[in-house]
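Ready for some practice in reading a protein model? Work through the exercises below with the sequence and the structure side by side, and try each task before you read its solution.

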Amino acid sequence: MNPQLIVLIVAGVVALALFLWFVKFFFVWLRAALAGAYVSPVTLIAMNLRQVPYSLVVDARITAKKAGIELSIDDLEAHFLAGGNLIPTVQAIIAAQKAGIELYWQRACAIDLATKGSGKSVVEAVRTSVDPKVIDCPNPAAGRTTIDGVAKDGIQVKVKARVTVRTNLDRFVGGAKEDTIIARVGEGIVTTIGSAESYKTVLESPDSISKVVLKRGLDVGTAFEILSIDIADVDVGENVGAKLQEAQAEANKNMAQAQAEIRRAAAVALEQEMKARVQEMQAKVVEAQAQVPLAMAEAFRSGNLGVMDYYRMQNIEADSEMRKTIAKPERPGNA
């Protein structure tokens, strides 16, 4: 084949590839230019070399431009490289502008990055700021249906509350979320019920719970502003005071039984000890009595006891035995 023809074919292929490569930038550039959001071709090529989806960045810029918001390519590209969601963030700024809420690009980017992976979005935050949302307290998804408090008279009161909140965009980044609101409201309700003298007071004016809880400023440090706390349901629960008294009485009974058992065991031990001491004393008496004949024999041998003395002692013993026999009462049937 002719070498010149080969060179021409290679040059043609290269030119065609370059043409097709520039065509994809051309249509994006043309779309931006027609929308009034001009982006230079060099910027598009540079973003492509940085592996940034330039078409997405241009679309975000066009969306903002059409809404009257001026965003630079550098700001959009920087947010994408930080891991942000471009289109939702731009849509959030547009929604805030339409609602008259002041929301700057940097704050929107911060909210978008803060909500990443949490199931929330910056669009939802702005929407909640415009249209307040209602939070059930307690959260049914957590397995509880009521907040239970006990009045001073021992009666349990079960409460369901609905908290209306609005997103505070200034505190959204770093602010506590819904779980904190639910926990604080629940704590406030339990405290309010516990300070009531009687459950009847709570039933008569359930709105007093919301008034007291609202005064405590529970939304401090959270991403929300509490607009209202409404008591959806109030019901009477168990008589906790009576149950506690019953449990206390049972505990006292068990303690008294234990102490009585300790005293009984001590008495049994003392009785056994006394029996042992009696047997010990009886053994000593028997031992002493066994010494008498020995002493008498010794007295005979030493001359301190004579035969007549021995007889007189025998007579005294016989007389004493006779007197004991006479003194004993006769048993029935021995007459």
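A strand here is a DSSP run of E with at least two residues, and strands are numbered from the N terminus. Keep in mind that this is a predicted model.

**Exercise 1. Place Thr-164 and describe its surroundings.**

Task: Find the element that holds Thr-164, decide whether Thr-164 is buried or exposed, and list its contacts beyond the close sequence neighbours.

Solution:
- Step 1. Look along the strands: Thr-164 belongs to β3, which covers residues 155-167.
- Step 2. Buried means under 20% relative accessible area. Thr-164 has 16%, so it is buried.
- Step 3. Set aside the neighbours within four places in sequence. Thr-164 then touches Pro-132, Lys-133 and Val-134, as well as Glu-225, Ile-226, Leu-227, Ser-228 and Asp-230.

**Exercise 2. Look at Val-163 and the nonpolar core.**

Task: Which residues of the largest nonpolar core touch the most other members, and what does Val-163 contact?

Solution:
- Step 1. The largest nonpolar core has 60 residues, and Val-163, Val-185 and Ile-189 touch the most other members.
- Step 2. Now follow Val-163, again without its neighbours within four places. Its contacts include Lys-133, Val-134, Ile-135 and Cys-137. Val-163 also meets Ile-181, Val-185, Ile-226, Ser-228 and Ile-229.

**Exercise 3. Compare two loop residues.**

Task: For Thr-115 and Lys-152, name the loop and say whether each is buried or exposed.

Solution:
- Step 1. Thr-115 sits in the loop between α6 (105-114) and α7 (122-130).
- Step 2. The relative accessible area of Thr-115 is 3%, so this residue is buried.
- Step 3. Beyond four places in sequence, Thr-115 contacts Lys-120, Ser-121, Val-122 and Phe-172.
- Step 4. Lys-152 sits in the loop between β2 (147-150) and β3.
- Step 5. Exposed means over 50%. Lys-152 has a relative accessible area of 52%, so it is exposed.
- Step 6. Lys-152 still has partners: not counting residues up to four places away, it touches Gly-194, Ser-195, Ala-196 and Glu-197. The C-alpha atoms of Lys-152 and Ser-198 are separated by 5.9 Å, with their positions 46 residues apart along the chain.

**Exercise 4. Follow Val-126 and Ala-95.**

Task: Where do Val-126 and Ala-95 lie, and how are they covered?

Solution:
- Step 1. Val-126 is part of helix α7, and Ala-95 is part of helix α5 (residues 86-98).
- Step 2. Val-126 has a relative accessible area of 1% and is buried. Ala-95 has 35% and counts as partly exposed.
- Step 3. Leaving aside neighbours within four places, Val-126 is in contact with Ala-92, Ala-95, Ala-96, Leu-103 and Leu-169.
- Step 4. Add two C-alpha separations. Val-126 and Ile-101 are 25 residues apart along the chain and 8.6 Å apart in space. Ala-95 and Val-130 are 35 residues apart along the chain, with a separation of 8.9 Å.

**Exercise 5. Spot two backbone details.**

Task: Which peptide bond is cis, and what is the phi of Gln-51?

Solution:
- Step 1. Start with the background: most residues other than glycine have a negative phi, and most peptide bonds are trans.
- Step 2. The bond from Cys-137 to Pro-138 is cis, with omega near 5°. Pro-138 lies in the loop between β1 (133-137) and β2.
- Step 3. Gln-51 is not a glycine, yet has a positive phi of about 60°. Its place is the loop between α2 (41-49) and α3 (54-66), and at 71% relative accessibility Gln-51 is exposed.

**Exercise 6. Step back to the chain.**

Task: How does the radius of gyration of the chain compare with the globule rule?

Solution:
- Step 1. Take stock of the elements: the chain has 12 helices and four strands.
- Step 2. The radius of gyration is 52 Å, while the globule rule gives 20 Å for 335 residues, so the chain is more spread out than a compact globule.
- Step 3. Check the extent: the C-alpha trace spans about 170 × 75 × 40 Å along its principal axes.
- Step 4. Find Ala-249 in helix α11 (residues 240-302). Ala-249 and Ile-181 are 68 residues apart in sequence and 39 Å apart in space, C-alpha to C-alpha.
- Step 5. Finish with burial: 28% of the 335 residues are buried.

Note on methods. Residues numbered from 1 in each chain as written. Predicted model: local features only at pLDDT ≥ 70, side-chain atom pairs only at ≥ 80, totals over all residues. Heavy atoms only, no water. Rg over C-alpha atoms; globule rule 2.2 N^0.38 Å. Buried < 20%, exposed > 50% of the residue type's maximum accessible area, 1.4 Å probe, protein only. Contact = heavy atoms within 4.5 Å. Core = buried A, V, L, I, M, F, W, Y, C linked by side-chain atoms within 4.5 Å.
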